[in-house]
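Okay, thanks everyone, I'll keep this short. Have a look at the screen while I talk you through it.

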Amino acid sequence: MTAVGAVSVTIDAEHPALAGHFPGAPILPGVLLLDEMLRAVEQEHAPAGTRWRIGAAKFVKPVRPGETLTLEHEPRPNGSIRFHIASAGHPVAHGVLVPAIVPAEHDAQAPAVPAGPRASAAQWADAPERGSATLLRIMIFLSLRLGRPVARGLLHLIAAYFFAFAPGARRGARAYLRRALGREPSAIDRYRQVFAFASTILDRLYLMHERYGLFAISIEGEELMHDTAARGSGAFLLGAHLGSFEIMSAVGRRRPGLRVAMAMYERNASRVAAFFRAVNRVSAPEIIALGQLEAMLRIRDCLDEGKFVGMLADRTLADAPAQLVSFLGRAALFPSGPMRAAAALRRPVIFMTGLYRGGNHYHVVFRQIADFSRPDSCGREAAVRAAIARYVALLEAYCRSDPYNWFNFYDFWHGADTPTLPAPRALV
């Protein structure tokens, strides 16, 4: 390989990562090798403003304390970068880096991701949360002491405040409901959506305190979850900001083998969720923090333990990979990272939603989207794109059947005046 860029790095025997990996026989973790490689590439290519991610990597030799590594990289015609890491002339690791967003190979007909929507995709992440910490603590105290019926009465005051004093959220909700209902939404329609949102947040508090008896839960696809859990190889559980994902804890109580770890960007976790976890840490779900180099390793370990790894896959973030799909009649961006992770780790993918249907009733749905543990004759890239389309088709179907369960209170379509795309193909 003719290297365009090359740097040398010496692994200090006192490197903190060596202390616990492994005691008595220290080896540098592969994730740190990749971190050094990414740093070297980004320093050299910083003027281009491109961010990179690991497209493929293979480790062929362990790295021990005191070794000096040579990190080489070479741009390829398709825009990716091939890298090679060696120690004393012996290969240590090699692989490919790809830009954070690249057109899918062999898919020239796929619609391009427009620049405008990408720039505004962080609306939901940057929007400040309303309400004070003191009032939130008071509401938690009263809800737990006085019970759910009284708390739901107080909830109407909170929902009315949000409905009246959040004009940006009202605009986003109106645009969504107009598509989901197929008509202009009334004030009652818009309030029902806000109150459903508030209800699922309140119920999250009771679920985290394991008060499962408060709820009547119907389940569709429970056997699919039981069969998947029985295999012991884990699976991805893709949800959305549709209904309640936390109701999964009540389902898990009926079947203790259904263990779920949530993979999420913790900096974007809501203040409400943080307060709820603080008041009952015992029942707080296991969290895998995305955006860190070891995240994929933790996800893989959870899957190997037979756990389900849950992700919410309906919001794009910054310049993360995304796919343009027709959703409720208009093109919208959906993240491709969760599906690509499932494909890379060769695991099944199951769609999950806990639809709130008023009072204390929730309807939980499990539907299989893809099974990447089986080879696909169309190739992995095509399989990923098809699986994302199936995910969006299911999401659209439940947005139409239970429209007040959608909780993305911002301009989901980013104001893009793009042509209507063909509707996503429904699942058979």
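First, a word I'll be using a lot: buried means a residue has under 20% relative accessible area. By that cut-off, 46% of the 428 residues in this chain are buried. And please keep in mind that this is a predicted model.

So, the overview. We've got 13 helices and 14 strands in the chain. If you take the contacts between residues at least 6 apart in sequence, 74% of them join residues at least 24 apart.

Let's go to the sheet I care about. There's an open sheet of 7 strands with mixed pairing, and the order across it is 6-14-13-7-10-8-9. The edges are strand 6, residues 216-220, and strand 9, residues 286-289, and each of those pairs on one side only. On average, neighbouring strands in this sheet are turned by 30 degrees against each other, ignoring direction.

Start at the strand 6 edge. Strand 6 runs parallel to strand 14, residues 361-371, and 5 bridges pair them. If you want a spot to click on, isoleucine 219 has valine 364 in strand 14 as its bridge partner. Helix 13 packs on this sheet: it touches strand 6, strand 7, strand 13 and strand 14, and its direction makes about 160 degrees with that of strand 14. Then there's helix 7, residues 187-208, which lies across strand 13 and strand 14 and runs at about 105 degrees to strand 13.

Now move along to strand 7. How many of its residues are buried? The count is 5 of 5, so to speak: strand 7 is mostly covered. Ala235, Leu237 and Gly239 point one way, Phe236 and Leu238 point the other way, and all of them are buried. Strand 7 is parallel to strand 10, residues 308-312, with 5 bridges joining the two, and there leucine 237 has glycine 310 as its bridge partner. Strand 7 is also parallel to strand 13, this time with 3 bridges. In that pairing, phenylalanine 236 is matched with valine 349 of strand 13.

Phe236 comes up again in the packing. The largest nonpolar core has 49 residues, and Phe236, Phe327, Met339, Phe372, Tyr391 and Leu395 are the ones that touch the most other members. Helix 13, residues 380-401, gives this core its largest share, 10 residues. Take tyrosine 391 as a case: leaving out residues up to four places away in sequence, its contacts include Leu238, Gly239, Phe334, Met339, Phe351 and Ile369, and also Asp314. There's a second, separate core too, with 37 residues, and Ala151, Ala159, Ala166 and Leu202 are among them.

Two of those alanines take us to helix 5. This helix covers residues 148-165, 18 residues in total, and reaches 25 Å from its first C-alpha to its last, close to the 26 Å expected. There's a bend of about 25 degrees at leucine 154. The buried residues in helix 5 include Arg148, Ala151, Arg152, Leu155 and Ala159. For anyone wondering about that spacing, an α-helix has 3.6 residues a turn, so residues three or four places apart point the same way.

Next, a hairpin. Strand 3, residues 68-75, and strand 4, residues 81-87, pair antiparallel over 7 bridges. Glutamate 74 has arginine 82 in strand 4 as its bridge partner. Between the two strands there are 5 residues, and in this hairpin glycine 79 takes a positive phi near 95 degrees.

Which residues have a positive phi without being glycine? Alanine 88 is one of them, at about 55 degrees. Alanine 88 sits in the loop between strand 4 and strand 5, and is exposed, with a relative accessible area of 69%. Arginine 346 is another, also given as about 55 degrees. Arginine 346 is in the loop between helix 12 and strand 13, and is exposed as well, at 61%.

Last stop: aspartate 301, in helix 11, residues 295-304. Buried or exposed? In between: aspartate 301 is partly exposed, with a relative accessible area of 34%. Its C-alpha is separated by 9.7 Å from that of glycine 234, although the two are 67 residues apart along the chain.

That's my tour, over to you.

Definitions and conventions
Residues are numbered from 1 along each chain as its sequence is written. This is a predicted model: local features need pLDDT of at least 70, side-chain atom pairs count only at pLDDT 80 or more; totals for chains, interfaces and linings use all residues. Side-chain values use heavy atoms; hydrogens and water are left out. Two strands pair if DSSP finds at least two bridges between them. Helices (H or I, at least four residues) and strands (E, at least two) are DSSP runs, numbered from the N terminus. The expected span of a helix is 1.5 Å times one less than its number of residues. The bend at a residue is the angle between axes fitted to the seven residues ending there and the seven starting there. Buried means under 20% relative accessible area, exposed over 50%, partly exposed in between (1.4 Å probe, protein chains only). A nonpolar core is a set of buried Ala, Val, Leu, Ile, Met, Phe, Trp, Tyr and Cys residues joined through side-chain atoms within 4.5 Å. Contact means heavy atoms within 4.5 Å. Axes are lines fitted to C-alpha atoms, for helices over the stretch in contact, and angles run from 0 to 180 degrees between N-to-C directions.
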